[in-house]
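Hi everyone, and thanks for coming. Let's take a friendly walk through a structure that may be new to you.

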Amino acid sequence: MATDFKSLPVIDISPLLLKCDDPDMAEDPGVIQVVRQLDRACRDAGFFYVIGHGVSEDLIKKVREITREFFKLPYEDKLKIKMTPASGYRGYQRIGENVTKGKPDIHEAIDCYKEFKQGRYGDIGKAMEGPNQWPENPQEFKELMEEYIKLCKDLSRNILRGIALGLGGSAYEFEGKIAGEPFWVMRLIGYPGAPFTNGKLENDVGCGAHTDYGLLTLVNQDDDKTALQVRNLGGEWISAIPIPGSFVCNIGDMLKILSNGVYESTLHRVINNSPLYRVCVAFFYETNFDAVVEPLDVCKDKYSEVRGESQVFKRAVYGEHLVSKVQTNFAM
């Protein structure tokens with residue numbers, strides 16, 4: 001349950017990563033300390049920074065730089081990979097095409113999803129079928145992104161092992177039928193400098209207030225522009241000030257269900273007040289596409305311990321949840 005936090009915690013996860021494949025990791029003093037920090041962050045804010053994550057700062061920057069190069073291209077070139085329903089909602093979307101709660105967002109983006117064979121998920125997955133659309137220019141775009149995606153998948157899985165321990169489960173609680181074959185989403189996002197629309201700040205919302213859909217998000221944001229904001233329990237918007245070399249992490253709707261509401265998928269938004277163009281690369285680590293998500297047994301009693309009342313969250317099918325969101329998120 002989110003609290004009246006005033007800043008986001010910074011967690012050095014290197015002790016967790018050193019032991020993440022050790023069956024006895026839960027007994028390691030360094031891991032225990034990281035697990036406690038992750039558990040507190042997920043309860044108090046649903047957001048935190050991670051450092052000591054093992055992904056090179058050089059690669060983190062390269063991913064943003066090549067994304068920025070793409071967004072600098074003429075509009076006609078960007079349209080070569082235009083997103084449509086026929087493309088499985090994969091590809092480029094222009095400024096204002098993404099919609100949050102009925103209002104257009106002031107950003108452009110490339111959306112990518114884990115690819116899967118046609119028909120694998122039946123009618124539920126049909127809307128998401130298709131290959132990702134990678135631009136030919138800049139060169140090496142696809143290769144760089146695929147390297148980055150692999151590292152983000154590994155990192156997310158290992159952070160979730162620590163979170164699983166924090167909930168009182170085994171380190172592998174989120175694997176197998178929940179996320180043994182995790183789906184993933186990546187959004188490469190560009191936010192124009194302010195003011196964009198008539199100089200009115202209320203119309204310059206880069207991305208409206210929302211929660212994420214899956215398990216865990218890794219945010220790679222520009223080092224010199226503060227735009228991501230997280231809402232605390234008191235309704236204040238707390239800025240996620242960039243820390244070079246870090247990822248901002250937050251938990252999503254599926255983890256909220258799995259934790260039975262002990263952990264919160266916290267509302268957040270983006271407002272780029274800088275006159276400069278801002279780039280952000282968000283990687284979303286999800287459950288299996290067809291996973292039936294419901295509270296873990298270990299969490300069913302925790303809700304009453306934390307909130308003083310009994311409740312068991314309703315189950316959800318991740319793929320259905322994702323498709324319903326995707327199909328209402330674009331003004332096409």
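How many bridges pair β7 and β14, and in which sense? There are eight bridges, and the pairing is antiparallel. Strands here are DSSP runs of E with at least two residues, helices are runs of H or I with at least four, and both are numbered from the N terminus. Two strands pair if DSSP finds at least two bridges between them.

Before going on, a word on what you are looking at. This is a predicted model, in which local features need pLDDT of at least 70, side-chain atom pairs count only at pLDDT 80 or more, and totals for chains, interfaces and linings use all residues. Residues are numbered from 1 along each chain as its sequence is written, and side-chain values use heavy atoms, leaving out hydrogens and water.

Back to β14, which covers residues 278-285. Within its pairing with β7, G190 has V279 as its bridge partner. Strand β9, residues 216-221, also joins β14, through six antiparallel bridges, and there L218 is partnered with F283. Is β14 enclosed or open to the outside? Eight of its eight residues are buried, so β14 is largely enclosed by the rest of the structure. Buried means under 20% relative accessible area, exposed means over 50%, and partly exposed lies in between, using a 1.4 Å probe and protein chains only. In a regular strand the side chains alternate between the two faces of the sheet. In β14 both faces are covered: R278, C280, A282 and F284 are buried on one side, and V279, V281, F283 and Y285 on the other.

Next, please find strand β2, residues 47-51. Four of its five residues are buried. Strand β1, residues 10-12, runs parallel to β2 and is joined to it by three bridges, with I11 opposite V50. Strand β12, residues 247-251, pairs with β2 in the antiparallel sense over four bridges, and here F47 stands opposite N250.

Strand β2 also brings us to the interior. A nonpolar core is a set of buried Ala, Val, Leu, Ile, Met, Phe, Trp, Tyr and Cys residues joined through side-chain atoms within 4.5 Å. Which residues have the most contacts inside the largest one? They are F48, I159, I163, M186 and L216, in a core of 84 residues. Helix α6, residues 141-166, gives the largest share of this core, with twelve residues. Taking contact as heavy atoms within 4.5 Å, and not counting residues up to four places away in sequence, F48 touches P9, I11, L38, A41, C42, I159, L216, F247, V248 and C249. A second, separate core has 18 residues, including F5, L8, Y191 and A240.

Now for the rings. Rings of Phe, Tyr and Trp (for Trp, the six-membered ring) pair if their centres lie within 6.5 Å; planes under 30 degrees apart count as stacked, over 60 as edge-to-face, and the rest as tilted. The whole structure has 15 aromatic pairs. In one of them, Y75 and Y92 have ring centres 6.5 Å apart and planes at 70°, so this pair is edge-to-face. Y75 is in helix α4 (residues 75-78) and Y92 in strand β3 (residues 91-93), so the pair ties together parts that are 17 residues apart in sequence. Y75 is partly exposed at 36% relative accessibility, whereas Y92 is buried at 2%. W134 and F141 make a tilted pair, at 6.2 Å centre to centre and 50° between the planes, and both are buried. Ring pairs link these four residues with F70, F71 and Y277 into a cluster.

What about the cysteines? A disulfide is a pair of cysteine sulfur atoms within 2.5 Å, and the count by this rule is zero. For C42, the nearest cysteine sulfur belongs to C249, 9.1 Å away. C42 is buried, with a relative accessible area of 0%. For C280, which we met in β14, the nearest is that of C207, at 9.4 Å.

One last stop is helix α9, residues 318-326. Its buried residues are Y318, G319, H321, L322, V323 and V326. Among the elements covering them are β7 (184-191), which also pairs with β14, and β6, α5, α7 and β16. Thanks for listening!
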